[in-house]
Amino acid sequence: MVGNRQRLFPTNFPIFSCISRVSRAKIKTMIEQAKLILKKVFGYDAFRSLQEPIIRNVLEKKDTLVIMPTGGGKSLCYQIPALIFNGLTIVVSPLISLMKDQVEQMTDLKVPAVLLNSSLSYEEYVHNVGKIRRNEVKLLYVAPETLLKPKILEMLATVPIDCLTIDEAHCISEWGHDFRPEYRQMAEVRKQFPSAVCMALTATATPRVQRDITKTLHFEESNEFVASFNRENLFLKIDPKQNAFPQLVRFLERYPNQSGIIYCFTRRQVDELSQKLEIKGYSVKPYHAGLDEEQRKRNQELFIRDDIQLIVATIAFGMGINKSNIRFVVHYDLPKNIESYYQEIGRAGRDGLRADCLLLFGYGDIRKIRYFIDQKEGQEQQVANMHLAALLRFAETHVCRRIPLLAYFGENYTQENCGMCDNCLRQGQGLADLTIPAQKFLSCVRKTGEIFGAAHIIDVLLGSKSQKIAKFNHQELSTYGIGKELSKSQWFHLSRQFIQKGLLSQDPEFGGLKLDKNGYEVLRGREKFMGLLREEEEQEERTEMKTAKVKATAVQLGEEDRELFEQLRGKRKELATLYHLPPYLIFSDKTLSAMAVSSPRLPEDLLDIHGVGEAKLERYGKTFFDIIHHFRRKQ
Ligand code: ADP
Ligand code: ZN
């Protein structure tokens, strides 16, 4: 291990024993070194925005606050300096699963890293402490309560420490969603390591939490780096919830064998849905706080290791999940608020490839949320109402979904067409004169007494034989069955536009529709209605997959490349089982799909591929090369 370390990380760099500014020339060399490590160790060609200035800042030994969305690439910001510094980098992390994942990842890259927390056996603990004492590791992942133990602090006082990293730093703040009292004491701990620069990282964007972090940690020369919260590779789509289960199954058909999460509102719904999917033949497990810990852990592990395809979960699922190849997130029910929606969809597509986020939006769900809000009181109720209103604005918007979403985080999204949301893709289609369908719909609303919701009106227009129609004798109406030229989903989509454009208003509690002033004007033919007629679903799906800006893996590969991709994936799974690693830690989907279109002549040629560094090449290069080579020879 030591030999490798020396080869990868030459030790001829100066030891920084005080926080004095490092000279420019030295920093320049260190930045070169950082780029080399990026390529050689991690296999990446370029830094993402902000990574380089952040790394520079840390190398200059200036305290650094990093605010970056999930999947933005925060870890590299401390891992690379850790490899350049001579001393140890301590990483404080609140979640044992994340620590484990990171150490496995580092070990696989031949970066010497260990962890210390309550999950270790005595032998492991002693072994790891020994390695730290002997200066054999670059990174120490540690739980805050472990770091606070006097014995550990004493031990660390005997080794040179160059960086104290506080991961998930929002845990410091009582204003954050995950306050941990031990995190507050990190301020004291940092005094014990005067030569260490301090770095705090989080994906929580609110200014209040940010201020709390810098204040608590006494960042003097604070340097803050706030990245954009736009996740370009997430395709955002909201569909009216009509017949949720068939809608979901239809969506899942697009992703054979690909990992995804389906979020539901309650534990009961989670259990029911996961059973229904299982009966349909999906490989799926539930996850919620009502399951015992053992089972939760097992289901999560199965998902992480690609042994099952789907997880149906309440919001309890996701914290501490690093899996990079989650290709879709479905909200089967409305999320709690925009922030949770953002966190939840954020778990998809960490590898930077396209991932799909579908929210099924039903008015019935709003009633449920309203019911819960009504149980609250005073300010809490006010806040919850505000959250719901913001969520509705986001769901009902006609403009790019990224505008209201990012506005929530104080960001002004100015791009004209994001190319990665349902609204932007439809924009190209232009408005059509839809006065006649509008008149049919409005007239039907009138004739049924302005008390029914969209679903029933559409049933009448389509001439359905539902019980509700029979009960109210609506088959006798002149509007019964006059709307068969459009599909159910097209009518639903139109009904939303009627509401947005003020032709109809909707009872906030029961969802019943009533004509508004504009509605009468259109009904009487005094005004036209210009709107968007949605393509039939199949056509729309094709358009979405074809035109979207960020391409997905296997879905976009040609038939043959796809076959190769599947072979590579099979091998990855085999190795993962052999080494007890999650498959995505061996190679990401992005790396595998790049391999599937490559034609290397030698194993070393794989170094050109995203995500293949020297350690990975040495460990897995030949195996994957052989598969590609063999496949190409047959062609
Ligand atoms: P975060 O901690 O911010 O949620 P990670 O550090 O886990 O995000 O990074 C997300 C993914 O992006 C990882 O798979 C990581 O290897 C990858 N990544 C990070 N930086 C780069 C880069 N410069 N080029 C390519 N991939 C990167
Ligand atoms: Zn858009």
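In this briefing Ala, Val, Leu, Ile, Met, Phe, Trp, Tyr, Cys and Pro count as nonpolar, Asp, Glu, Lys and Arg as charged, and the others, Gly among them, as polar. By that scheme, the shell around ligand 1 holds 5 nonpolar, 7 polar and 3 charged residues. This is a predicted model, in which local features need pLDDT of at least 70 and side-chain atom pairs count only at pLDDT 80 or more, while totals for chains, interfaces and linings use all residues. Residues are numbered from 1 along each chain as its sequence is written, chains are lettered from A and ligands numbered from 1 in the order in which they are written, and side-chain values use heavy atoms, with hydrogens and water left out.

**Surroundings of ligand 1**

- Of the 15 residues around ligand 1 (a residue is near if one of its heavy atoms lies within 4 Å), those that come nearest are Tyr 44, Ala 46, Gly 71, Lys 74 and Ser 75.
- Helix α4 (residues 74–84) supplies the largest share of this shell, 3 residues, where helices are DSSP runs of H or I with at least four residues, numbered from the N terminus.
- Polar side-chain atoms of Tyr 44 and Ser 75 each lie by an oxygen atom of ligand 1, at 2.6 Å for Tyr 44 and at 2.7 Å for Ser 75.
- For Gln 51, a polar side-chain atom lies 2.9 Å from a nitrogen atom of ligand 1.
- Taken alone, ligand 1 exposes 570 Å², of which the protein buries 86%, with areas from the Shrake-Rupley method and a 1.4 Å probe.

**Zinc site (ligand 2)**

- The zinc ion is coordinated at 2.3 to 2.4 Å by the SG atoms of Cys 400, Cys 418, Cys 421 and Cys 424, donors being N, O and S atoms within 2.8 Å of the metal (3.2 Å for Na, K and Ca).
- The angles among the 4 donor atoms run from 103 to 117°, and the site is tetrahedral, a label given to four donors if all angles lie between 85 and 135 degrees.
- Along the chain, the donors of the zinc ion follow the spacing C-x17-C-x2-C-x2-C.
- Because Cys 400 lies in the loop between α17 (378–396) and α18 (402–407) and Cys 424 in helix α19 (residues 422–427), the pair ties together parts that are 24 residues apart in sequence.
- Cys 400 is buried, with a relative accessible area of 2%, and Cys 424 is likewise buried at 2%, where buried means under 20%, exposed over 50%, and partly exposed in between.

**Phe 251 and Leu 358**

- Phe 251 belongs to helix α12 (residues 244–252) and is buried, at 6% relative accessible area.
- The C-alpha atoms of Phe 251 and Leu 358 are separated by 8.7 Å, although the two residues are 107 residues apart along the chain.

Methods
A polar contact is a pair of N or O atoms within 3.5 Å; within protein, one must be able to donate a hydrogen and the other to accept it, and residues adjacent in sequence count only if both atoms are side-chain atoms. Helices (H or I, at least four residues) and strands (E, at least two) are DSSP runs, numbered from the N terminus. Four donors count as tetrahedral if all angles lie between 85 and 135 degrees; four count as square planar and six as octahedral if opposite donors are over 155 degrees apart and all others between 65 and 115; anything else is irregular. Buried means under 20% relative accessible area, exposed over 50%, partly exposed in between (1.4 Å probe, protein chains only).
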